[in-house]
Amino acid sequence: MLEFNADLSLQKGIAMSRRLLVAACLLLSFSAAQAAERWETLPPTPAPVAGAKTGYAAVNGIKVYYTRTGHGSPVVLLHGGLSNSDYWGNQVKALSAKHTVISLDSRGHGRSSRDEKTLRLRPDGRRCGGRARQPEDPPCRYRRLE
């Protein structure tokens with residue numbers, strides 16, 4: 001009887017070890033599946049561009065923060081949702097050698113103020129230059145940080 005109980009205890013121990021191993025494998029696979037996809041995280045913010053002129057423009061009741069650097073034809077950089085103009089730092093450095101680069105923080109983002117209006121994303125091209133585009137307006141070309 002004692003020998004039977006020892007075998008039973010050994011079998012229970014082996015079964016428990018197997019269950020723990022299976023549970024550990026499931027937890028590891030679940031945590032790997034929960035890891036953020038590359039597109040779900042923002043890269044580190046580049047350092048501010050040295051020598052850039054910064055300021056605030058009063059637009060529709062809010063203060064819009066902007067930076068301006070370089071000389072030449074203008075390039076306006078508008079960031080995507082949930083970021084700010086700082087994320088354009090590397091592009092500003094590259095473009096400012098031949099262009100006047102203007103980047104800004106959207107309403108309620110970065111250093112721009114916000115009002116009581118609900119923040120929402122608009123389809124690309126609906127707004128450019130701070131107002132709704134009109135059919136007679138020249139094309140507005142810009143890159144959006146995504």
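## Strand 4 and its partners

Thr67 stands opposite Ser103, a residue of strand 4, in what is a predicted model. The two strands involved are strand 2, residues 62-69, and strand 4, which pair in the antiparallel sense over four bridges.

Ser103 is also the bridge partner of Leu77. Leu78, in turn, has Leu104 of strand 4 as its bridge partner. Strand 3 (residues 73-78) and strand 4 (residues 99-104) run parallel and are joined by six bridges. Between these two strands the chain passes through helix 2, residues 89-95, and the resulting β-α-β crossover is right-handed.

## Overall organisation

The chain contains two helices and seven strands. Along the sequence, these elements follow the pattern α-β-β-β-α-β-β-β-β.

The chain has 146 residues, of which 19% count as buried. Among its contacts between residues at least 6 apart in sequence, 61% join residues at least 24 apart.

## The nonpolar core

Five residues make up the largest nonpolar core: Val75, Leu77, Trp88, Val92 and Val101. In soluble globular proteins, nonpolar side chains tend to be buried together.

One of these core residues, Val75, can be followed through its contacts. When residues up to four places away in sequence are not counted, Val75 touches Leu95, His99, Thr100, Val101 and Ile102. Val101 is thus a contact of Val75 and also a member of the core. Leu77, another core member, has its bridge partner, Ser103, in strand 4.

## The tyrosine pair and its charged neighbours

The count of aromatic pairs comes to one. This pair is formed by Tyr56 and Tyr65, whose rings lie 5.4 Å apart centre to centre, with 65 degrees between the planes, an edge-to-face arrangement.

The exposure of each partner can be stated separately. Tyr65 is classed as buried because its relative accessible area is 9%, under the limit of 20%. Tyr56, at 47% relative accessibility, counts as partly exposed, because this value lies between the limits of 20% and 50%.

Each ring also has a charged group over it. The charged end of Lys63 sits over the ring of Tyr56, 5.7 Å from its centre. Over the ring of Tyr65 sits the charged end of Arg111, 4.0 Å from the ring centre.

## Asn84 in the loop before helix 2

Asn84 lies in the loop between strand 3 and helix 2. With a relative accessible area of 16%, this residue is under the 20% limit and therefore counts as buried.

Leaving aside residues up to four places away in sequence, Asn84 touches His79, Asp105 and Gly110. The C-alpha atoms of Asn84 and Leu104 are 7.5 Å apart in space, although the two residues are 20 residues apart in sequence. Leu104 is the strand 4 residue that serves as bridge partner of Leu78.

Definitions and conventions. Residues are numbered from 1 along each chain as its sequence is written. This is a predicted model: local features need pLDDT of at least 70, side-chain atom pairs count only at pLDDT 80 or more; totals for chains, interfaces and linings use all residues. Side-chain values use heavy atoms; hydrogens and water are left out. Two strands pair if DSSP finds at least two bridges between them. A crossover is right-handed if, with the strands pointing away from the viewer, the path from the first strand over the helix to the second runs clockwise. A nonpolar core is a set of buried Ala, Val, Leu, Ile, Met, Phe, Trp, Tyr and Cys residues joined through side-chain atoms within 4.5 Å. Buried means under 20% relative accessible area, exposed over 50%, partly exposed in between (1.4 Å probe, protein chains only). Contact means heavy atoms within 4.5 Å. Rings of Phe, Tyr and Trp (its six-membered ring) pair if their centres lie within 6.5 Å; planes under 30 degrees apart count as stacked, over 60 as edge-to-face and the rest as tilted. A charge sits over a ring if NZ of Lys or CZ of Arg is within 6 Å of the ring centre and within 35 degrees of the ring normal.
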